Amino acid sequence: MDGSNAEDIAVGCFLSIKTTLGDEFQAQVITFDRPSNILGSKVGPRRNIRLLKANYIKEFSLLGQAEDPLDLKKCYLDLNSLRVREELAIRQAEADAERIGVGVTSEAQSIFDALSKTLPVRWDKTVIVVMNEVRVCSPYLPESVSGGTAAANDRVKKVVEFERKRLQTRNNSQ
């Protein structure tokens, strides 16, 4: 879209838009940032917001005009719900970060990931701790498994052995 058409876009306009990517939709303009050439619009009855670089607008036609595109009487943000979602996202990101070993090989991380599919695991520096009792130390071989009950120890050894074979097969096929 060239600069002359950009002047036609005003906040509150209802537009029918065709993009250079083949999308067609109707929306109400809620913002237009000239420096970045980004158009913000409300799409559909749920008031979904869509941001679009105006360069991608192939053509548009004016369907109408409204005074207040956000109509604050109908526009409501549930801040408590947003805070809860944010807290959950932060906790999930922290939990995901704890599952990544620091200073370990990708092979060690793969073994950790394989164990974590069926057993509770955590990192203790570079040692994999399974069920808070079985430990798997570098070089992460079945012989590197220690602690825990005999049954737990055997289970961890089997998973480590299976994962190492799977990794070796994958590396040989590359």
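# A tour by selection

Start at Arg 50, which is partly exposed with a relative accessible area of 27%. The model is predicted. Colour Arg 50 and keep the atoms visible; the tour works outward from this residue.

**Stop 1: Arg 50 and its partner.** Add Asp 23 to the selection. The two side chains meet in a salt bridge, 3.1 Å from N to O. The pair links distant parts of the chain: Asp 23 is in the loop between S1 and S2, Arg 50 is in strand S4, and 27 residues separate them. Asp 23 counts as partly exposed, at 33% relative accessibility.

**Stop 2: Ser 41.** Arg 50 is also one of the contacts of Ser 41. Is Ser 41 buried or exposed? With 2% relative accessibility, Ser 41 counts as buried. Its place is in strand S3, residues 38-43. Select what touches Ser 41, leaving out residues up to four places away in sequence: Phe 25, Ala 27, Gln 28, Val 29, Ile 30, Asn 48, Ile 49 and Arg 50.

**Stop 3: the five-stranded sheet.** Switch to cartoon. The strands form an open sheet in the order S4-S3-S2-S1-S5, with antiparallel pairing. Which strands stand at the edges? They are S4 (48-53) and S5 (57-65). Each has a single partner strand, so one side of each is left without a neighbour in the sheet. Neighbouring strands here are turned by 40 degrees against each other on average, direction ignored.

**Stop 4: strand S1 and its two neighbours.** Select residues 13-19 for S1 and 24-33 for S2. Five bridges join these antiparallel strands. Two places to look:

- Ser 16 stands opposite Gln 26 in S2.
- Leu 15 stands opposite Ala 27 in S2.

S1 and S2 form a hairpin with four residues between them. Pick Gly 22 in the turn: its phi is positive, about 95 degrees. Now go to the other neighbour. S1 and S5 pair in the antiparallel sense over seven bridges. In S5, Ile 57 is the bridge partner of Thr 19.

Next, show the side chains of S1. Which residues make up the covered face? Cys 13, Leu 15, Ile 17 and Thr 19 do, while Phe 14, Ser 16 and Lys 18 form the uncovered one.

**Stop 5: Lys 18 and Glu 59.** Stay on the uncovered face, at Lys 18. Lys 18 forms a salt bridge with Glu 59, and the closest N and O atoms are 3.8 Å apart. Lys 18 lies in strand S1 and Glu 59 in strand S5, so the pair ties together parts that are 41 residues apart in sequence. Both ends are partly exposed: Lys 18 has a relative accessible area of 32%, and Glu 59 has one of 42%.

**Stop 6: the four-stranded sheet.** Move along the chain. Here an open sheet of four strands has the order S6-S7-S8-S9, with antiparallel pairing. Strand S6 (121-124) and strand S9 (145-146) stand at the edges. Each has a single partner strand, so one side of each is left without a neighbour in the sheet. In the sheet, three bridges join S7 (residues 127-130) to S8 (residues 134-136). Ile 128 stands opposite Val 136 in S8. Add helix H3, residues 106-116, which packs on the sheet and touches S6 and S7. The direction of H3 makes about 150 degrees with that of S6.

**Stop 7: helix H4.** Select residues 150-172. The helix has 23 residues and reaches 33 Å from first C-alpha to last, close to the 33 Å expected at 1.5 Å a residue. Its buried residues are Ala 152, Asn 153, Val 156, Val 159, Val 160, Glu 163 and Leu 167. What covers them includes H3, S7, S8 and S9.

Zoom in on Glu 163. Its side chain meets that of Arg 166 in a salt bridge of 2.7 Å, N to O. The two are three residues apart in helix H4, so about one helical turn separates them. Glu 163 counts as buried at 4% relative accessibility, whereas Arg 166 counts as partly exposed at 35%.

**Last stop: the whole chain.** Zoom out. The protein comes to four helices and nine strands, in the pattern α-β-β-β-β-β-α-α-β-β-β-β-α. Of its 174 residues, 30% count as buried. About 11800 Å² is exposed, with carbon and sulfur atoms supplying 52% of it. How many salt bridges does the structure hold? It holds six, among them Asp 23 with Arg 50, Lys 18 with Glu 59 and Glu 163 with Arg 166.

Conventions: Residues are numbered from 1 along each chain as its sequence is written. This is a predicted model: local features need pLDDT of at least 70, side-chain atom pairs count only at pLDDT 80 or more; totals for chains, interfaces and linings use all residues. Side-chain values use heavy atoms; hydrogens and water are left out. Two strands pair if DSSP finds at least two bridges between them. Axes are lines fitted to C-alpha atoms, for helices over the stretch in contact, and angles run from 0 to 180 degrees between N-to-C directions. Buried means under 20% relative accessible area, exposed over 50%, partly exposed in between (1.4 Å probe, protein chains only). Contact means heavy atoms within 4.5 Å. Accessible areas come from the Shrake-Rupley method with a 1.4 Å probe; for residues, only the protein chains shown count as cover. The expected span of a helix is 1.5 Å times one less than its number of residues. A salt bridge is a side-chain nitrogen of Lys or Arg within 4 Å of a carboxyl oxygen of Asp or Glu.
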